[in-house]
Number of protein chains: 2
Amino acid sequence: MKLVEILLDFIKDTNDRKCKLLEFHHPEHMLTLLDLDLPDTGLPLQTLINDCATTLKYQVKTGHPRFFNQLSCGLDIVSMAGEWLTATANTNMFTYEIAPVFILMESVVLNKMRQIIGWKHGDSILAPGGSISNLYAFLAARHHMFPGYKEKGQAMLGSSQLVMFTSDQCHYSVKSCAAVCGLGTDHCVEVPSDEHGRMIVSELERLILERKARGHIPFFVNCTSGTTVLGAFDPINEIADVCQKYKLWLHIDAAWGGGLLFSRKYRHPRLTGIDRADSVTWNPHKLMGTLLQCSTIHFKQDGLLISCNQMSAEYLFMQDKLYDVQYDTGDKVIQCGRHNDIFKLWLQWRAKGTVGFEEHMDHLMELAEYLVERIENQKDMFHLLLKPEMVNVSFWYIPKRLRTMPHSTAKEAELGRITPILKGRMMEAGTMMVGYQPQDRTPNFFRSIFSSAAVTKTDVDFMLNEMDRLGHDL
Amino acid sequence: MKLVEILLDFIKDTNDRKCKLLEFHHPEHMLTLLDLDLPDTGLPLQTLINDCATTLKYQVKTGHPRFFNQLSCGLDIVSMAGEWLTATANTNMFTYEIAPVFILMESVVLNKMRQIIGWKHGDSILAPGGSISNLYAFLAARHHMFPGYKEKGQAMLGSSQLVMFTSDQCHYSVKSCAAVCGLGTDHCVEVPSDEHGRMIVSELERLILERKARGHIPFFVNCTSGTTVLGAFDPINEIADVCQKYKLWLHIDAAWGGGLLFSRKYRHPRLTGIDRADSVTWNPHKLMGTLLQCSTIHFKQDGLLISCNQMSAEYLFMQDKLYDVQYDTGDKVIQCGRHNDIFKLWLQWRAKGTVGFEEHMDHLMELAEYLVERIENQKDMFHLLLKPEMVNVSFWYIPKRLRTMPHSTAKEAELGRITPILKGRMMEAGTMMVGYQPQDRTPNFFRSIFSSAAVTKTDVDFMLNEMDRLGHDL
C-alpha cells in the first residue's frame, strides 16, 4: 500500500508541468547515487520501499507532457491500471486452459483491428514489439510462397537467392529480418525514397527487374506507413500494383502510422489501399498510447500463422482437452510463453471507445500542424526540414549568431553540430526532451513527436521557447 | 484505488486454499458471461471497474498453491509490486537516455547471473521468453562461426548445409530456430535420449559424423538443462567434450533448470560444466518465480551480441550523445522497443537475497522428493514413470477398477485414456490443476510441477487425495 502511494505520487508528478521530467546524471555518477547491490540475504521491506522511491526519482518521466522524445510516450492511466491487473493475474498466453478470458479478449480486439484495416477474415497475433511483428510477416510470406522451406530450408531453392525490398527510410528491423532468416542483409534491397521520405515506386520496379535479371527471386516488399524519423507514408496503392504484377508479398509496417486508421480525417490518403496488403504490423503502444509493450501483426489469410510456426509440441497443445482447442494460440507463435499484452489495450478501448481513439489521433495531428505553423512563423529561429505527413516534426533550432546567415550546407553542418549540445542542455535542465538524429546527408536535426494525450498547444509553445532559452548563445 | 482493492482481494483469494483456483466454462459459454464488446464511445469508470472484477473472477489463479500445471506459476508479491512500478514508469529499454536506472540494473543483475554460471566476463540480454533467448544464441553462434553470414546469408556457404543438434526431449523452440533462420527443421537433428530423458552422447557423435559424411556443416549443439516434460539434464561435460572435439558451439538451454544454479545441494551434478558453454538461456520467470516475462540469455564472449544484431540505426543510437553510449543496449537486440523486465527481478532479488533463492530451490526439490515418496508408497493407486532429476514428477493415477491389473502396455493405454478425463474433472471442480501430456510411445500421463513458493507438503497430500476423490470411479 505504501508502494501504491509512491506510484500515485509519481503519476501526479508526471502530470505536473512544474515538475522536471528527469534528473540527469552520467552513468558513473548515477551508480554512486544508487544501491543496486544484490545481497546474499534479503533486505527489510522499508529498504525495498526506498528502492522503489529512488528508482522513480531518477527515472525519466516518459508520460510527462513535455517528453517529445520517443514514438512511445504518455501514460494512459486506464491502460496502466490494466497492466497492474495483468501483473496480478500473472498468466501466460498460450492456452485457453490457463488464460481463458484474456484469450477471448485477444480474439475480439484483433478481429476489430482487422475490420478497421478493411478485412473480413484473416488472423492476427500480439508480438513483443514491432520488430518481431515484422519478423512474423516475413516468416509467413516465405512459408506461404515456398511451401517446404520450413522443413528443407534454403536448400530447397538451391542457389536461387531470395530477395526482399524496402525503402531506405524503413525501420531497421526489416533489414534485421534478412539477417536473422538467412537471406543476408545484402539481399534486403533498399529502395531510394523521395524528398518526403516516401519510397520511389519506379525505383522499386527497376530494382526488382535488376534482381530478376541476376536470377534472384524477389518475394517480399515492405511498405512503411509512418517512417520512424520523418513519419512518411510509402504510396500503398502504387506499391500494391507492383506486388500484384510480380506476385510479391506485400507487407505494411504501420507500427507507427497504424493508429491513424481511426481517423476519418487523416486516414486518407496516407493509408488508402492498406486492405490490399497481405500482412500489417500495427503497434498500439505507439500512437494509441497503450502501455509498452503492445504490438500486433495481422494477416489477410487465415491459417498461415499456425502452419508456419507450429512445431507440434504435443505436451502443450494436446487435442484431447476438455474444451475446443482452436482457442489455444501457443502453436501460432515463435515464442512459447507469451506475456499478456491484451488486457491493457482492451480496457483502454472500453474506456476511450473507438471514437475516443479517433479524437486522440486528430488531436495529435493538430498539435503537429500547430508546431509546423509556429516554426514557419519564426523562420529566423527555426528551420523546418519538410512538411510532415504525421506527428513527426523535423527541424533545426538556430541560435542567435546564425540567424542572419543564409541557409547553406555549411550552415546545416553547424546546426547539426549544435543540435546534440542543445539536447545535452535540455537533459541537464530536465525540463523537456526532444529526440535528434542525422539522416543520410542531413546532419543532426530535432525530431519532435506527439504521441501522448497529455500534450497541449501550450506545451508546444514551451518547447520552442525553452529551446531558445537553453540554446540562444550556442 | 477501487482497482487496487479488487487486485488485493484477488491476491487474498489466490493465497486462500479454500478458494477455488478456477471457475471453468467452455469458450462458447464464457463468451455469454463476459461483455467483451469494444464500443464506439467510452464507458463509465464503474463499468471498467466491473470489467476488472469480472476478468479476475474467471481467470485461472496461477499463483494458487494448488496450481501445479505450468513451469511458470506462483505469485511473488515483491516481483508483482516491481511490475506495478514498471507499468507506472512505462519506459522502453533501448537507451540510457530514457531508462537510466533500469539499464544499470540490467547490467548489475546480468553480471551477477554470469558469475553464478561461472564466467568472469561475457555479455547478456533479457529477451521476451526462452524461445527468443534460444534464437539469440543460434544467431550469435552462426554469426561468430561464419562471419559475413549476416550480410551475405546462406549464399556465402554455397550448397553447404548448416546443421544443428539437440535431443528429442528439447523444447520445441530449438527446432523453431532452424525453421526461422532458414536451415529448415530437417537440419535440426534430433539426438535420441535415454530412459531418463537425457541426450545419449554417443548418438550425438554418431549423428555429427553422419552429417559430416554427407558434406554438411555441423555447428551448433543445444544441451537442455531441465527438459520441459521430464525435467531431465543432458550430460553437459560429455557434450562439451564432443563440441570441443568437432569445434561446435555449445548452447545450454537452462530456461527451466537454471534456477538450480543457486542450490549448492542440487546444482551438482545436474549443471556441472555449465561454464564450458558458449551461451546459456536461463528464465527467472520459471523456477525463480519472477513475474512473466523474464528470460535471460548469456554469452561467454563479450561483443558478440552487438556485432551480430546491430543494424546501425543512426536515428536511435547516435555516438555524439551527452553520456557514455556503451550503456545503450538497443543495438544488441533484434527487437527495437523492449519491455522493462529487469525491475521486478532486481527488486525480488533484493527481497530474497541470493540465499533466499537457494532456500526456495531446495524447498521445491524437497517437495518433489516428497511427492515421489508418497507415490511410491501408494503403488496401487499411482504409477511413477521415472525417478525425476528436477521438480517435474511424471505419473499415472490408477482408478479402482485397474488397481489389481498388472502393469502392461494395455494398462498404460487405458491410463492414458482416462488421464484427460480426470484433468477435465479437476478443471470442472476447480480445486487444482496438474498438466498432462503424452510422450513418444507413452500415452498421456500427469506431470506435476513445483515452482511456486506457496506450495507445502499438505498441498502435495491434497493433490493425491483429490485425484482419488475425482477419479476413483474412472
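This report describes a sheet in chain A and the interface of chain A with chain B in a predicted model.

## Basis

Local features need pLDDT of at least 70 and side-chain atom pairs count only at pLDDT 80 or more, whereas totals for chains, interfaces and linings use all residues. Residues are numbered from 1 along each chain as its sequence is written, chains are lettered from A in the order in which they are written, and side-chain values use heavy atoms, with hydrogens and water left out.

## The sheet of chain A

In chain A, seven strands (DSSP E runs of at least two residues, numbered from the N terminus) make up an open sheet of mixed pairing, in the order 2-8-7-6-5-3-4; two strands pair if DSSP finds at least two bridges between them. Strand 2 (123-127) and strand 4 (188-191) of chain A each have a single partner strand, so one side of each is left without a neighbour in the sheet.

Strand 6 (residues 249-253) and strand 7 (residues 279-282) of chain A run parallel and are joined by three bridges. Within strand 7 of chain A, A:Ser279 is the residue opposite A:His251.

## The interface with chain B

Chain A and chain B each contribute 137 residues to the contact, defined by heavy atoms within 4.5 Å. The area buried between the two chains is about 11,900 Å², with 64% from carbon and sulfur atoms; this is accessible area (1.4 Å probe) lost on being put together, summed over both parts.

The interface of chain A and chain B holds eight salt bridges, each a side-chain nitrogen of Lys or Arg within 4 Å of a carboxyl oxygen of Asp or Glu. One of these pairs B:Lys423 with A:Glu97, whose closest N and O atoms are 2.5 Å apart.

Technical notes. Helices (H or I, at least four residues) and strands (E, at least two) are DSSP runs, numbered from the N terminus.
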